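Okay, thanks for coming, everyone. Let me put the structure up and walk you through a few spots in it.

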Amino acid sequence: MLQQLAEHIDTHFSFLKEKKLLIAISGGIDSVVLTHLLHQLNFTISLAHCNFQLRDEDSNLDELSVKELANKLNIPFFSVLFETSKYAKENKLSTQIAARKLRYNWFDELIKENNFDYILTGHHADDNLETFLINLTRGTGLDGLTGIPAVNGKIVRPLLNFSREQIEIYATDNNIQWREDASNSEVKYIRNKIRHQIVPLLKELNPSLLKTHHKTTEFLKQSQQIVTDRIAEVSSKILSKKGDLLKVNILELLKLSDPKPYLFQLLKAYKFTEWNDVYNLIYAQSGKKITTNSYTLLKDRDFLLLLPTNKEDTTENERVIICNDEKRITKPIHLLFENALKNTIIDINCIFVDKNLLNYPLVIRKRKAGDYFYPTGMLGKKKVSKYFKDEKLSLFDKNNTWLLCSKDDEIIWIIGKRQDKRFLPSNKTTQLLRITN
């Protein structure tokens, strides 16, 4: 079994050689065997153990056993003590989710502080099968059925192709001691129910269940790749991005055979949960939107617009004062103020004004009810709200457009869009000011 495990690592995980590795070790058979195996193969490893204080004295004994293993093999050892139950209660999380967040946040700290290249876990084929069945019972897309990835960023699982039985054989043959987690036999957790009640029945029906499951996940991964390739093909026609704003072209989306699964694939990275609401937004009136803690999705005519929620609605009352002697500002936007000799319009991000017509201090602010200005190229005045509507600005664009105003709130410039003609220079202008965004 040693030769089989070693050959597998040499073939599929040779990139770990000469790397600095951190093994997440609980004290159970899988992570203990992984430690012994990589130590025998002369990999550069350290051990990291989390004491979640969930099993009274057993939790402390787990930590002690891992510490003894590290001392025996002369391996660097890191440990941490978590008040998991308290953290779960304070953050309204299940105990398992709380433990996972605490564990991986700590791993991230260890990686940064000690320059580890990868974190290794002892997940094996039985874990993979259990995860598949958990996702199946909960209802999942294709991603949830392709199993635990052997490599996911900095997380690597070298034992994923081996069963718990094979790992036990290796441990027995090499006189490796480990600790059994008593909670693994309890069936109050869904994983344990599947492990002790469902999987044994399935193995009765099919003694080669793990091999069959491995083949199935390989087929699903191949199907997933086809989906990924197809989405990459259509996304160039449907998606466009400018800065933080992502635009979904509804008309192009509706040309597809079944728009709903395409929309899911295009937006799944943004973690929406109510996918029927997302899809129905296609047919909703302009202005309708769905907001999560992270993103806002807005229907705007023939587009769905996606923007990070914290950038979707900038504070309406935010104001920036600009004094007469200021030459440059950088927040909330960049503006450069320069004296000029000649009026040479470059583009919509540059205007020229008669400095003598300005009433300092100037103000940068967002739109407010009742705003109006005298647009260049038009007769008379126009409400800013009407101008925005005529220009077909989305709600995102409206909320993120700044106005440059004179002290008495007269609009000088809807920045990057249209200048007010009351401040245009004339032939009699003696002080010409160029303002560039």
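Before we look at the open spaces, one term: a pocket here is an open set of grid points with protein on both sides within 12 Å along at least five of seven lines. And keep in mind that this is a predicted model.

So, the second largest pocket. About 760 Å³ of space lies in there. It has 23 lining residues, and the ones closest to its centre are Lys-242, Phe-396, Asp-397, Asn-400 and Thr-401. If you want to find the walls, look for strand S7 at 239–242, strand S8 at 245–249 and helix H15 at 395–399, each of which supplies at least two lining residues. S7 gives the most, with 3 residues. As for the chemistry, the lining has 7 nonpolar, 8 polar and 8 charged residues.

Now for closed spaces. How many cavities of 30 Å³ or more does the structure hold? Just 1. The largest cavity has about 50 Å³ of space. Its lining includes Ile-322, Cys-323, Phe-337, Lys-355, Tyr-360 and Leu-433. Strand S14, residues 335–340, gives the most to that lining, with 3 residues. By class, you get 5 nonpolar, 2 polar and 4 charged residues around this cavity.

Okay, on to the cores. In soluble globular proteins, nonpolar side chains tend to be buried together. Here, the largest nonpolar core has 30 residues, and Leu-16, Ile-23, Leu-38, Leu-47 and Leu-120 have the most contacts inside it. Several elements give two or more residues to this core, including helix H1 (2–12), strand S1 (20–24), helix H3 (57–73) and helix H7 (164–173). The largest share, 6 residues, comes from H2.

Let's zoom in on Leu-120. Leaving aside neighbours within four places in sequence, Leu-120 is in contact with Leu-16, Ile-23, Leu-34, Leu-38, Val-156 and Pro-158, among others. Apart from that core there's another one, of 23 residues, with Leu-256, Tyr-270, Phe-272 and Leu-281 among them.

Last stop: Gln-419, in strand S21, residues 418–419. Is Gln-419 buried or exposed? It counts as buried, because its relative accessibility is 9% and the cut-off for buried is under 20%. So what does its side chain do for a polar partner? A polar atom of the Gln-419 side chain lies 2.8 Å from the backbone oxygen of Phe-352. Not counting residues up to four places away in sequence, Gln-419 also touches Ile-351, Val-353, Tyr-374, Trp-413 and Leu-424, among others.

How values were computed:
Residues are numbered from 1 along each chain as its sequence is written. This is a predicted model: local features need pLDDT of at least 70, side-chain atom pairs count only at pLDDT 80 or more; totals for chains, interfaces and linings use all residues. Side-chain values use heavy atoms; hydrogens and water are left out. On a 1 Å grid over the protein atoms alone, a cavity is a set of points where a 1.4 Å probe fits but cannot get out, and a pocket is an open set with protein on both sides within 12 Å along at least five of seven lines; lining residues have an atom within 4 Å of a point. Grid points are joined across faces, edges and corners, and a volume is the space filled by probe spheres set on the points. Helices (H or I, at least four residues) and strands (E, at least two) are DSSP runs, numbered from the N terminus. Ala, Val, Leu, Ile, Met, Phe, Trp, Tyr, Cys and Pro count as nonpolar, Asp, Glu, Lys and Arg as charged, and the others, Gly among them, as polar. A nonpolar core is a set of buried Ala, Val, Leu, Ile, Met, Phe, Trp, Tyr and Cys residues joined through side-chain atoms within 4.5 Å. Buried means under 20% relative accessible area, exposed over 50%, partly exposed in between (1.4 Å probe, protein chains only). Contact means heavy atoms within 4.5 Å. A polar contact is a pair of N or O atoms within 3.5 Å; within protein, one must be able to donate a hydrogen and the other to accept it, and residues adjacent in sequence count only if both atoms are side-chain atoms.
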